[in-house]
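Subject: Structure handover

Hello,

Here is the structure I promised to pass on. Please open it first, then read my notes beside it.

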Amino acid sequence: MSCLYEINRWWRSHVNLWTLYLLFLGQMVSFVLAMGSITSSLVASLGVDAPLTQSSFNYLALALIYGSVLLYRRQKLQVSWYWYLLLGVVDVQGNYLVNKAYQFSSITSVTLLDCWTVAWVIALTWFFLGTRYTLWQLIGAAICVVGLGLVLLSDAGVGGGGGSKPILGDFLVIAGTIFFALSNVGEEFCVKKKGRVEVVTMLGVYGFLVSAVELSIVELKSLEAVTWSKDILLAIAGYTVSMFLFYSLAPFVLKLSGATMFNLSILTSDMWAVVFRVFFYHQQVDWLYFLSFAIVAIGLIIYSITEEGERGSPPAPPDGDSNAEYQVLHENAEVGL
């Protein structure tokens with residue numbers, strides 16, 4: 001009884017509503033990312049090899065919808081355009097490489113290797129943003145990766161593995177995670193220093209322009225070879241909606257919790273992908289799935305609790321007009337763009 005009392009007292013003193021709110025937002029992002037992974041895999045299975053075209057619709061939707069809000073506010077850009085161009089370039093390359101990998105590898109392998117994003121993000125935020133991680137934060141991150149490894153074993157048992165050229169697919173994913181990490185860290189810096197609407201708008205604008213230029217060079221022949229059908233159009237539409245939601249929620253979570261916590265949260269996207277396959281394809285999931293979900297949840301709680309302890313009181317909820325100065329973990333360490 002005394003042990004349970006101590007556990008309950010520790011939980012009440014460390015886990016507050018803010019921590020639970022961050023975890024909830026992270027799982028919302030993870031859920032829509034899983035939808036994007038499944039629809040992207042479906043597009044590839046239908047014989048469409050056009051990852052740039054596939055992503056361009058999402059960028060166009062972001063530019064039109066969030067750009068309308070930015071124009072209505074008549075707000076001038078607060079970050080130089082060339083930084084947004086660079087952000088758009090690295091984000092497009094990340095999406096291209098990972099979506100291309102589905103042509104050669106399975107969704108299980110792609111999701112497994114996508115975990116490399118966490119390692120790159122920790123390194124980049126350490127060296128370029130000055131973020132310092134405690135030992136407990138690193139332990140929490142390691143626990144999350146271990147938990148994901150278990151669910152990938154479960155996934156492989158259900159129907160994973162395979163692919164026409166798995167080594168090439170693996171290489172593409174690892175390369176894509178480097179670009180995703182650069183995009184996440186750059187987006188975290190911009191969204192914490194300036195407004196979320198501006199960042200999403202400019203990412204959409206430059207992402208669409210970069211995608212249009214690249215697909216006109218490398219993807220026109222692939223598009224001509226596609227036999228368009230209702231299933232293909234629905235799959236691309238599903239991918240576009242999923243990624244639009246992902247890009248809409250991601251800056252919000254990045255502003256509140258940072259790139260590392262963000263990437264740790266979306267590790268559970270593979271779990272949600274398994275749930276989709278269970279309900280839509282009626283496949284079975286073994287006990288490793290439930291164990292892994294619990295382990296990842298524990299890792300996220302450990303990381304978010306220690307992060308909360310380092311930061312002190314939670315930041316005020318952001319809005320599109322926020323101009324609050326971005327400060328890294330140590331309050332007196334300022335970062336210049």
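Below is what was found, going from the whole chain to single residues.

**The whole chain**

This is a predicted model. The protein chain has 337 residues, and 53% of them count as buried. What is the secondary structure made of? It comes to 14 helices and 0 strands. Read along the sequence, the pattern is therefore α-α-α-α-α-α-α-α-α-α-α-α-α-α, since helices and strands are read as DSSP runs numbered from the N terminus.

The accessible surface is about 16200 Å². Carbon and sulfur atoms hold 69% of that surface. Now look at contacts between residues with a separation of 6 or more. Residues 24 or more positions apart account for 91% of these contacts.

**The salt bridge**

The structure holds 1 salt bridge. Which side chains meet in it? They are lysine 100 and aspartate 49, with a distance of 2.9 Å from N to O. The two residues are 51 residues apart, and the pair links distant parts of the chain. Lysine 100 sits in helix H4, while aspartate 49 is in the loop between helix H2 (17-45) and H3.

Is lysine 100 buried or exposed? Its relative accessibility is 17%, so lysine 100 counts as buried. Aspartate 49 has 23%, so it counts as partly exposed. The cut-off explains the split: buried means under 20% relative accessible area.

**Aromatic pairs**

How many aromatic pairs does a search of the whole structure find? It finds 5. One of them joins tyrosine 66 and phenylalanine 244. Their ring centres are 5.9 Å apart and their planes stand at 35 degrees, so the pair is tilted. Tyrosine 66 lies in helix H3 and phenylalanine 244 in helix H11 (residues 230-257), so the pair ties together parts that are 178 residues apart in sequence. Both rings belong to buried residues: tyrosine 66 has a relative accessible area of 13%, and phenylalanine 244 has 17%.

Tyrosine 82 and tryptophan 83 form a tilted pair too, because their planes are at 45 degrees, with centres 5.9 Å apart. Tyrosine 82 is partly exposed at 45% relative accessibility. Tryptophan 83 is partly exposed at 35%.

There is also a cluster. Ring pairs link Tyr59, Phe246 and Tyr247.

**Serine 248**

Go back to helix H11, where you will find serine 248. Serine 248 is buried, at 10% relative accessibility. Which side chain does serine 248 join in a polar contact of 2.8 Å? That of tyrosine 66. The side chain of serine 248 also reaches the backbone oxygen of phenylalanine 244, at 2.7 Å. So serine 248 has polar contacts with each member of the first ring pair described above, a contact being N or O atoms within 3.5 Å. Leave aside neighbours within four places in sequence, and serine 248 is in contact with Leu62, Tyr66 and Arg196.

**Serine 183**

Serine 183 is in helix H8 (residues 166-193). Its relative accessible area is 0%, so serine 183 is buried. Its side chain makes a polar contact of 2.8 Å with the side chain of aspartate 91. Not counting residues up to four places away in sequence, serine 183 touches Leu87, Val90 and Asp91.

**Leucine 150**

Leucine 150 is found in helix H7 (residues 135-158). Look from there to leucine 288, which is 138 residues away along the chain. The C-alpha atoms of the two are separated by 6.0 Å. Which residues does leucine 150 touch, not counting those up to four places away in sequence? They are Leu288, Leu291, Ser292 and Ile295.

**A nonpolar surface patch**

Last, the surface. Leu77, Trp81, Tyr82, Trp83 and Leu86 make a nonpolar patch of about 520 Å². Leucine 77 is in the loop between helix H3 (51-73) and helix H4 (81-101). Leucine 77 counts as partly exposed, with 39% relative accessibility. Why can leucine 77 belong to a patch? Patch residues need over 30% relative accessible area, and leucine 77 has 39%.

Best wishes

Notes: Residues are numbered from 1 along each chain as its sequence is written. This is a predicted model: local features need pLDDT of at least 70, side-chain atom pairs count only at pLDDT 80 or more; totals for chains, interfaces and linings use all residues. Side-chain values use heavy atoms; hydrogens and water are left out. Patches are made of residues with over 30% relative accessible area and no salt bridge: like charges are joined within 9 Å, nonpolar side chains (Val, Leu, Ile, Met, Phe, Trp, Tyr) within 5 Å. Accessible areas come from the Shrake-Rupley method with a 1.4 Å probe; for residues, only the protein chains shown count as cover. A salt bridge is a side-chain nitrogen of Lys or Arg within 4 Å of a carboxyl oxygen of Asp or Glu. Helices (H or I, at least four residues) and strands (E, at least two) are DSSP runs, numbered from the N terminus. Buried means under 20% relative accessible area, exposed over 50%, partly exposed in between (1.4 Å probe, protein chains only). Rings of Phe, Tyr and Trp (its six-membered ring) pair if their centres lie within 6.5 Å; planes under 30 degrees apart count as stacked, over 60 as edge-to-face and the rest as tilted. A polar contact is a pair of N or O atoms within 3.5 Å; within protein, one must be able to donate a hydrogen and the other to accept it, and residues adjacent in sequence count only if both atoms are side-chain atoms. Contact means heavy atoms within 4.5 Å.
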